[in-house]
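Please read the following report with the sequence and the model side by side, and look up each residue as it is named.

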Amino acid sequence: MQFLGISLIFVLYLSCVSGLYFHIAETERKCFIEEIPDETMVIGNYKVQLYDPRTGGFMPSSPGIGMHVEVKDPDDKVVLSRVYSSEGRFTFTSHTPGEHIICLYSNSTKWFSGTQLRVHLDIHVGEQTMDYAGIAQKEKLTELQLRVRQLLAQVDQINKEQNYQRIREERFRQTSESTNQRVLWWSLTQTAILLVMGAWQMRHLKKFFEAKKLV
Amino acid sequence: MNSHRSVKSLFFFFLCISVSLAVELTFELPDNARECFYEEIEAGTDFTVEFQVVTGGHYDIDFELIAPNKEVLYREVKKQYDSFSKKADIRGVYAACFSNEFSTFSHKLVYVDWQVGAEDPLPGVGEHLTAMTQMESSSHSLHENLNKVVDYQTHHRLRESQGRKRAEDLNERVFLWAVGETFAIIVIGIGQVVILKNFFSEKKPSQMMFS
């Protein structure tokens, strides 16, 4: 009875993932970008199915293939790099604000593209990762209390995003000012180089013609 | 122990039975490529597909929404931002396809947001049997307004990202152009002098022949 309960929970939990899906080749690497503020949790649920040439469709479960999940932070440092089974979830929390790149590719050993893979993917960011059912049960909250908890989480996320927006805007402003400076320096430098070049050319040619006794 | 487990499985049951799903993805579409996302939708469910091109070329992309009976429900060519809502008539797999086939060398970064169904009621508390009190309905409308704020924030972030990436690109190009043109001026300047000197040193023997 306990085993049945556990397996029921397992099956129902995993069957959540069958939402959005897309196709990739077996050796192809698919990347998604998540631009998030810091201290934000990201949960991704995925499921991989292998193409079945006999039926022309996709096998309902393919336990043989594994999925390599690699997450890089904005400084190009690897945050998460693990091989998961054909179905599972990956979690990471950002420590620096910016563009995090989530890459998925199968751990196939083929050298060129093999069969097609169907990948179901579902990514939750920030407030969406909160397990309200678990919180309500653990702390025995009423609906209103749970709703307030949700609103608090949402507002917190909005606040973090606004803060990150301020940092991004500063970076944008610095880039524009740097461009402005560079254009200014370049116009002055180019004028100087042209003048120096012209003067050098005249002097060199004058010396040359004087040596040849033509001037 | 058994009742505890069955209650827990009931919670997970409510978690998974939800027909609503909202997925936001930002992906890169290489030039001359086509990428499709599929979703299985029940008949009578409302769904919305929203996309925005973040970087690349003229910030435009072709979009197509194909129903399970292969009928094209919506097609837009070279759009920068669009949103499409529909109530699904047929049950089946709907495909949202993005095409960058008209572009030869600019790869595009595209944000797509696909929402199926209305949002779930707050999980973990069970179904709502009585009408909502004023407190509950105002907190519900607060939640919906905050959802809109998050959505506006996302679009603002994408637009800001577009401008910022363009500015960074410009900054780099200005630097490369300055270095390249400095080098070209120096090479041409020295080259002109060398070639001129070459003319005069070659003509010397022919002048001697004529004089």
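In this predicted model, a nonpolar patch lies on the surface, formed by Leu214(A) together with Ile195(B), Leu196(B), Phe199(B) and Phe200(B), and these residues have about 440 Å² of accessible area together. One of them, Ile195(B), has its place in helix α2 of chain B. Is Ile195(B) buried or exposed? With a relative accessible area of 47%, Ile195(B) counts as partly exposed, because that term covers values between the limit for buried, under 20%, and the limit for exposed, over 50%.

The chain to which Ile195(B) belongs can be described as a whole. Chain B has two helices and eight strands, and from the N terminus on its elements follow the order α-β-β-β-β-β-β-β-β-α. Of the 211 residues in chain B, 37% are buried.

Helix α2 of chain B, which spans residues 134-210, also takes part in another feature, since it gives the most to the lining of the second largest pocket, with five residues. This pocket has a volume of about 440 Å³, and among the 16 residues that line it, those closest to its centre are Thr55(B), Gly56(B), His107(B), Lys165(B) and Asp169(B). The table shows how the lining of the second largest pocket divides by residue class.

| Class of lining residue | Number in the second largest pocket |
|---|---|
| Nonpolar | four residues |
| Polar | six residues |
| Charged | six residues |

How values were computed:
Residues numbered from 1 in each chain as written. Chains lettered and ligands numbered in written order. Predicted model: local features only at pLDDT ≥ 70, side-chain atom pairs only at ≥ 80, totals over all residues. Heavy atoms only, no water. 1 Å grid on protein atoms, 1.4 Å probe; cavity = no way out; pocket = protein on both sides within 12 Å on 5 of 7 lines; lining within 4 Å. Points joined across faces, edges and corners; volume = space filled by probe spheres on them. Helix = DSSP H or I, 4+ residues; strand = E, 2+ residues; numbered from the N terminus. Nonpolar A, V, L, I, M, F, W, Y, C, P; charged D, E, K, R; others polar. Patch = residues over 30% accessible without salt bridge, like charges linked within 9 Å, V, L, I, M, F, W, Y side chains within 5 Å. Areas by Shrake-Rupley, 256 points an atom, 1.4 Å probe, with all protein chains shown as cover. Salt bridge = Lys/Arg side-chain N within 4 Å of Asp/Glu carboxyl O. Buried < 20%, exposed > 50% of the residue type's maximum accessible area, 1.4 Å probe, protein only.
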